[in-house]
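Biologist: I am new to this structure and would like to go through it with you. Could we take it one part at a time?

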Amino acid sequence: MTLTLHDTGSGQKRPFVPLNPERVTMYVCGPTVYNYAHIGNARPPVVFDVLARLLRRDYTLVYARNITDVDDKINQASIDTGRSIGDITNEYTEAYLADMGALGVRPPDIAPRATQHIAEMIEMIEQLLASGHAYAAEGHVLFSVERFDDYGALSKRDVREMIAGARVEVAPYKQHPADFVLWKPSNDELPGWDSPWGRGRPGWHLECSAMIKKHLGTTVDIHGGGQDLVFPHHENERAQSTCAHGGQTFANYWLHNGFLNMGNTKMSKSLGNVRLVRELLQEADGEAIRLALLSAHYRQPLDWTGETLPEATRKLDRLYGAMQDVPVDPQAGIDSDARDAFIATLHNDLNTPQALAELFQIARRLNASADAADRARLVNTMRECGALIGFLERDPQDWFAAQRAQGGDADEIDAMVARRVAAKKAKDFATADRIRDELTARGIEVRDAADGSTWKRIEAGAS
């Protein structure tokens with residue numbers, strides 16, 4: 001099976017051909033650590049965690065995901081709160097890693113911090129100055145977009161569109177309005193490092209380029225991140241790295257995940273609809289949040305609604321429910337045809353919705369089987385497939401115990417009970433029984449009476 005990936009640069013799905021099969025390299029832009037991660041921030045690490053798991057089946061992967069710990073947003077947070085920059089970045093780095101860990105995101109092989117690579121950044125700036133692709137002005141060093149003919153090829157924009165964009169800062173020291181900062185001066189209140197151009201700090205785009213060169217080389221197999229990073233961040237990374245490395249290709253494949261919207265509305269602080277990962281972890285299991293993030297194809301927008309997490313939880317209830325009470329038997333083997341069909345969906349540009357459909361197909365076969373050996377084989381298959389996308393790696397009893405402890409939201413339970421009542425009235429007893437089983441698994445007892453159905457939580461240990 002050939003892995004194909006949609007490359008933003010070419011705009012097409014391409015077979016994955018690594019530069020060196022003995023050392024495949026992948027870099028994903030990580031967080032700027034000045035606040036807690038929201039659910040949109042969680043989509044890239046979850047998506048690329050799946051890709052990393054898949055790549056490790058066939059290759060030796062070196063996966064780097066950085067921490068941006070020098071940035072104007074961090075500086076502003078320090079000014080607003082009166083806290084030191086170190087305190088802020090350390091707190092939110094630890095919080096980010098804890099939140100991603102709760103979503104089943106495995107740590108990358110390398111987690112470089114920007115502040116630990118200032119020397120490499122200064123060296124890259126000197127290379128760009130020497131090659132004529134950068135210039136110094138008023139304590140700043142800027143990249144000249146007019147001196148890189150291929151600028152805009154990644155984002156499919158021309159320079160005039162970039163100037164019109166709100167994210168292009170026009171300043172009097174720029175030779176061209178679209179030129180971007182490689183180094184900028186710092187006053188005494190801001191973090192800074194000595195450099196040939198005075199005390200200052202790096203531009204955001206430069207940080208990733210320098211860390212990639214240090215840890216992965218001048219050309220990486222895969223560079224990933226959110227769609228919002230295509231321009232200007234990745235466009236600028238590509239420009240400065242290509243020019244600093246004598247025209248060498250910077251990344252062979254560019255992968256970008258789509259936006260996460262709250263309903264049909266873009267998530268933003270101004271609209272007050274930002275949902276933090278740690279808040280959502282109070283409402284649902286991290287595995288359910290992960291499933292929700294993978295329920296849409298990674299390149300497509302993902303609409304997050306009030307039903308997203310309950311639905312993801314119900315899906316995991318069904319998967320773990322199928323596995324429940326089947327003894328673990330490593331000697332039973334797996335169903336290789338089902339496993340291969342599952343992997344084929346991931347090889348098709350990480351089609352996780354189709355992969356989940358294959359997983360549910362295996363669960364349906366498990367539920368229908370009465371043969372002990374076949375059931376053990378199907379459970380092993382579910383576990384192997386699930387592990388590739390970060391699911392079903394715990395004992396089913398642990399899952400259901402966690403759900404009983406979580407209890408579920410009362411409005412959600414009311415809705416499930418109402419759906420069960422409607423199903424019974426429609427004589428859809430299979431659906432009614434399934435809903436009742438889901439509620440029981442989550443520690444909810446349903447009582448039917450002539451005047452309607454009611455529910456209550458079952459206390460732990462109650463019989």
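**Working through the model**

Modeller: Please keep in mind that this is a predicted model. A starting point is Y320, which touches E287, L392, E393, R394, P396, W399 and F400, leaving out residues up to four places away in sequence.

Biologist: Where is the place of Y320?

Modeller: Y320 sits in helix α10, which covers residues 308–323.

Biologist: Is Y320 buried or exposed?

Modeller: Y320 is buried, and its relative accessible area is 0%.

Biologist: How many residues apart in sequence are Y320 and F400, and how many Å apart in space?

Modeller: Y320 and F400 are 80 residues apart in sequence, while their C-alpha atoms are 8.1 Å apart in space.

Biologist: Let us turn to the nonpolar cores. Which residues touch the most other members in the largest nonpolar core?

Modeller: They are M26, L293 and W304, in a core of 73 residues. The largest share of this core, ten residues, is supplied by α1.

Biologist: What does M26 touch?

Modeller: Not counting residues up to four places away in sequence, M26 touches F48, L51, A52, L55, L61, V62, Y63, A64, L216 and I222. There is also a second, separate core of 41 residues, with I125, V230, F231 and F250 among them.

Biologist: Why might such residues gather?

Modeller: As a general tendency, nonpolar side chains in soluble globular proteins tend to be buried together.

Biologist: Back to α1. At what angle do the axes of α1 and α13 cross?

Modeller: The axes of α1, residues 39–56, and α13, residues 372–389, cross at roughly 125 degrees and come within 7 Å. That angle makes α1 oblique to α13.

Biologist: Which residues meet there, in α1 and in α13?

Modeller: From α1 there are V50, R53 and L54, and they meet A387, L388 and I389 of α13. By class, this contact of α1 with α13 has five nonpolar residues, one charged residue and no polar residues.

Biologist: And α4 with α6: at what angle do they pack?

Modeller: Helix α4 (residues 118–130) and helix α6 (residues 204–215) pack at about 100 degrees, and their axes are 9 Å apart. This makes α4 roughly perpendicular to α6.

Biologist: Which residues make the contact?

Modeller: On the α4 side they are E120, M121, E123, M124, I125 and Q127, and on the α6 side L206, E207, S209, A210, K213 and K214. The residues of this contact divide into five nonpolar, two polar and five charged.

Biologist: What about α7: how many of its residues are buried?

Modeller: In α7, 15 of the 15 residues are buried, so this helix is largely enclosed by the rest of the structure. Helix α7 covers residues 230–244 and reaches 20 Å from its first C-alpha to its last, close to the expected 21 Å. Just after α7, G246 takes a positive phi of about 70 degrees.

Biologist: A change of topic: where is the place of G192?

Modeller: G192 is in the loop between β7 (180–185) and β8 (200–202). G192 is partly exposed, with a relative accessible area of 22%. Leaving aside neighbours within four places in sequence, G192 is in contact with S186, R199 and G200.

Biologist: Finally, in which helix does N75 lie?

Modeller: N75 lies in α2, residues 72–81. N75 is buried, with a relative accessible area of 4%. Apart from neighbours within four places in sequence, N75 is in contact with I85, L190, P191 and R201.

Terms used: Residues are numbered from 1 along each chain as its sequence is written. Side-chain values use heavy atoms; hydrogens and water are left out. Axes are lines fitted to C-alpha atoms, for helices over the stretch in contact, and angles run from 0 to 180 degrees between N-to-C directions. Helices (H or I, at least four residues) and strands (E, at least two) are DSSP runs, numbered from the N terminus. Angles under 35 degrees count as roughly parallel, over 145 as roughly antiparallel, 65 to 115 as roughly perpendicular and the rest as oblique. Contact means heavy atoms within 4.5 Å. Ala, Val, Leu, Ile, Met, Phe, Trp, Tyr, Cys and Pro count as nonpolar, Asp, Glu, Lys and Arg as charged, and the others, Gly among them, as polar. A nonpolar core is a set of buried Ala, Val, Leu, Ile, Met, Phe, Trp, Tyr and Cys residues joined through side-chain atoms within 4.5 Å. Buried means under 20% relative accessible area, exposed over 50%, partly exposed in between (1.4 Å probe, protein chains only). The expected span of a helix is 1.5 Å times one less than its number of residues.
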